[in-house]
Amino acid sequence: MKYKQAKEMWQFFETCGVGLLNLAVKTKHGFKGHSRARSKEEFERALDWAWYENRCGAEVYVRPARFLPDGSAAKWPVVFLDDLKQNVALSIAREYRALVVRTSTNNCQVWIVSDKELSEDQRASLQERLARMYGGDRASTSGEHYGRLAGFWNHKRGCNVEIVYISPSSVRKLETDSLLAGPVSSGGPPVTKKLKLQDSTSHNESKSESEREFGFVIGRLRFLSSLGVSREVLEAEARSLETQLVERARRRGKRCAGDYARRTVLRAIEI
């Protein structure tokens, strides 16, 4: 059925307490349609327009409406994460009630249902913290950020945008108070999406580099563990860290990079 996935996205937002959406298309001249808060009927009527624009090369986006019809700022019980690996996105959706949308090969966006309505500023703060925790795109954490609309073509990546998972309604909502109140990296080192340590080439530098990599891995895993994330999230993060270590080790010419990365992660897990 045409627009099936777009309507499933609306259904998700509606069931979690979002009753108005901004539907926008982005052409080479900029955004169009983004300022209008659309009800379910208005959203569905606009899908033909979005489809036409998409066929003509525009990208199609959606978000909870920024403003209510009376002009006041809207608050909604949902947060957004961008640019997550699919296994991480799915682990989040098994931990919290969420919608996972695949935007390109192994890259996903996630809408997570929160336990309270949040202002744009609160969403931005929470999304920044969650992006640090899960390795999302920290440049996409503003409270008014758009996500892609499922069922439409992603011209940038050359693929269809599609829903890959919707959590059952029985899955718990994200508890926001502790995340909003606490420091971003309490109990651990700064958490980044990728290992950002200066590469080295000499034997002594390589040894120091290995020590720094181990310190980063154990700090990252301990930090996530202190937040009480699920075993699945920790395992997904461990796999991601191992992949990053392999790439870094190969770049500096380390032998048996795969074995080195596996040993480093296992050692961090055992401590």
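Two strands are taken to pair if DSSP finds at least two bridges between them. In this predicted model, strand β1, which spans residues 21-27, and strand β3, which spans residues 59-64, satisfy that criterion with six bridges and run in the antiparallel sense. Within this ladder, N22 stands opposite R63 of β3.

Strand β1 also pairs with strand β2, formed by residues 30-32; here the antiparallel arrangement extends over three bridges. The connection from β1 to β2 is a hairpin through two residues. In the pairing of these strands, T27 is placed opposite G30 of β2.

These pairings belong to an open sheet of four strands, in which the order is β2-β1-β3-β7 and the pairing is antiparallel. Strands β2 and β7, the latter comprising residues 147-148, form the edges of the sheet, and each pairs on one side only. Helix α2, made up of residues 40-55, packs on the sheet and touches β1, β2 and β3. The direction of α2 makes an angle of about 15° with that of β1.

The solvent accessibility of β1 was also examined. Six of the seven residues in β1 are buried, and the strand is therefore mostly covered, where buried denotes under 20% relative accessible area. In a regular strand, side chains alternate between the two faces of the sheet. Strand β1 thus combines antiparallel pairing with β3, antiparallel pairing with β2 and contact with helix α2.

Key
Residues numbered from 1 in each chain as written. Predicted model: local features only at pLDDT ≥ 70, side-chain atom pairs only at ≥ 80, totals over all residues. Heavy atoms only, no water. Buried < 20%, exposed > 50% of the residue type's maximum accessible area, 1.4 Å probe, protein only. Contact = heavy atoms within 4.5 Å. Axes fitted to C-alpha atoms, helices over the stretch in contact; angles between N-to-C directions.
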